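Please work through the exercises below with the sequence and the model at hand. Each task is followed by a solution in steps.

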Amino acid sequence: MTTASDFLPMTRPDIDEATIAGVAEVLRSGWITTGPWAARFEQALSDYFGGRTVRAFNSGTVTMEVALRMLGVGPGDEVITTPLSWVATANVVLAVGATPVFVDIDPATRNIDTARIEAAITPRTKVLLPVHLAGLPCDLDAIDAIAQRHKLRVLEDAAQAIGSTWRGKRIGGFGDFASFSFHPNKNATSIEGGCLVLPEDADPALAERLRLQGVRRFGLDGMDVDVLGGKANLTDVAARVGFGQLQRVDDFNARRRELAQAYCVALDGLDLGGRGVQLPVRDFTDSNWHMFQIVLPDGVERAAVMQRLKDRGIGTGVHYPAMHLFTLYRKMGFKPGDFPHAERVGAGTLTLPLFPGMRDGDIGRVAEALSAVLREFKV
């Protein structure tokens, strides 16, 4: 029987003792909301992204909403994105009053199919919102070329892509707007949080006002509000965690790549590919391997596979159902069959355990258990 101590979760954050001690220092300092550590974290992020301007927020979701507001996106506008992502990607488009326009995925990479983007562009299109799913970068050369041809802006949903690269350049270190998440399941966490990397033509002060109720301060007692902002500032407690994680993220990512390579070897040895299981693209150069996702063969009941793996002490996840099939989006007119590749992957995707603290032997354990479970389903 599997005990709690034997259970292998899908993911687990790795917080070192120096960071834990640092959080205690912040708590003792008496300044626990946005303050000196938030500023220090922003500077460290700026350094990480090659000196670009960065502002930190209390979630990755709100960074995308802020970027859209900074770009003037609103009612009547359209934003092109993928239907295969965490639903926040499209929800932020609705939040600013605009319309999400979905483009099906490339079935191999599971990222937006850049060959289909231009057919979706209309006079109302203002922004392209690609998602680097599981840390595998989109074809940013193709996306940038399309944006330039049609005079569009690009907002990268890089929530899962910290440390990923495109043609040797770090995601977020170049291009237009880029949004990152520091949720606990990400490669680097601030408990909850995110950051927005700004292009040169963006106003950092506007991002700050949108982050905190639109407030602008001057002098000792002057205050004004000239835009409608929200409440999205990052606390110093969270920033101290994020700062500690940022120092280790490249090591985390290197370990993730090692584990992903081991997965591929183990699953190849069990011939899962030959048995109808779709493995991820084997990119051990640009991807940060935020997740290791397989796609189960059609007809295999995913929930039953997850339960049988859980019974064997192995946690799994689903990232993600095709979002256009959620009730909210069906009410907007989306329906089954609109984006068949995203629907197939969304219905069959299964996220296996992957985090830096895994032992080498965990990979074989997961692979053997998965193979045994699939044999129960005649796969």
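The exercises treat the sheet, the cores, a helix pair and selected residues.

The model is predicted: local features need pLDDT of at least 70, side-chain atom pairs count only at pLDDT 80 or more, and totals for chains, interfaces and linings use all residues. Residues are numbered from 1 along each chain as its sequence is written, and side-chain values use heavy atoms, with hydrogens and water left out.

**Exercise 1. The sheet**

Determine the strand order of the open sheet and identify its edge strands.

Solution. Begin with the elements: helices (H or I, at least four residues) and strands (E, at least two) are DSSP runs, numbered from the N terminus. Two strands pair if DSSP finds at least two bridges between them. The open sheet contains 7 strands in the order β1-β9-β8-β5-β4-β2-β3, with mixed pairing. Its edges are β1 and β3 (99-102), each of which pairs on one side only. From one strand to the next the twist averages 25°. At the β1 edge, β1 and β9 run antiparallel and are joined by 5 bridges; Arg-55 has Leu-196 of β9 as its bridge partner. Helix α4 (residues 88-95) lies across β2, β3, β4 and β5, at about 145° to β3; angles run from 0 to 180 degrees between N-to-C directions, and axes are lines fitted to C-alpha atoms, for helices over the stretch in contact.

**Exercise 2. Strand β4**

Decide whether strand β4 is largely enclosed or exposed, and describe its pairing.

Solution. Apply the burial classes: buried means under 20% relative accessible area, exposed over 50%, and partly exposed in between (1.4 Å probe, protein chains only). Of the 5 residues of β4 (residues 125-129), 4 are buried, so the strand is largely enclosed by the rest of the structure. Next, take its two partners. Strand β2 (residues 78-81) pairs with β4 in the parallel sense over 4 bridges, and Thr-81 is placed opposite Leu-129. Strand β5 (residues 153-157) also pairs with β4 in the parallel sense, over 2 bridges, with Val-127 opposite Arg-153. Finally, follow the chain: it passes from β4 through helix α6 (residues 140-150) to β5 in a right-handed β-α-β crossover. Right-handed here means that, with the strands pointing away from the viewer, the path from the first strand over the helix to the second runs clockwise.

**Exercise 3. The nonpolar cores**

Which residues have the most contacts inside the largest nonpolar core?

Solution. A nonpolar core is a set of buried Ala, Val, Leu, Ile, Met, Phe, Trp, Tyr and Cys residues joined through side-chain atoms within 4.5 Å. The largest has 46 residues, and Ile-80, Ile-117, Leu-128 and Phe-180 have the most contacts inside it. Among the elements that each supply at least two residues of this core are α1 (17-29), β8 (177-181) and α8 (236-246). A separate second core, of 31 residues, includes Ala-260, Leu-272, Leu-309 and Val-366.

For Leu-309, first locate the residue: Leu-309 belongs to helix α10 (residues 302-311). At 1% relative accessibility, Leu-309 is classed as buried. Its contacts (heavy atoms within 4.5 Å) beyond four places in sequence are Ile-314, Thr-316, Leu-350, Ala-369, Leu-370 and Val-373.

**Exercise 4. A helix pair**

Describe how helices α9 and α13 pack, giving angle, handedness and contact residues.

Solution. The axes of α9 (residues 249-269) and α13 (residues 360-376) come within 9 Å and cross at roughly 35°. The crossing is right-handed, that is, the near helix is turned clockwise from the far one by less than a right angle. From α9 the contact residues are Arg-255, Leu-259, Ala-262, Tyr-263, Ala-266 and Leu-267, and from α13 they are Asp-360, Ile-363, Val-366, Ala-367 and Leu-370.

**Exercise 5. Backbone exceptions**

Is Arg-110 buried or exposed, and what is its phi?

Solution. Arg-110 lies in the loop between β3 and α5. Its relative accessibility of 3% makes Arg-110 buried. Its phi is positive, about 70°, although Arg-110 is not a glycine. For comparison, Gln-213 is in the loop between α7 (204-211) and β10 (215-218). Gln-213 has a positive phi near 60° and, at 39% relative accessibility, counts as partly exposed. Lastly, the peptide bond from His-319 to Tyr-320 is cis, with omega near 15°.
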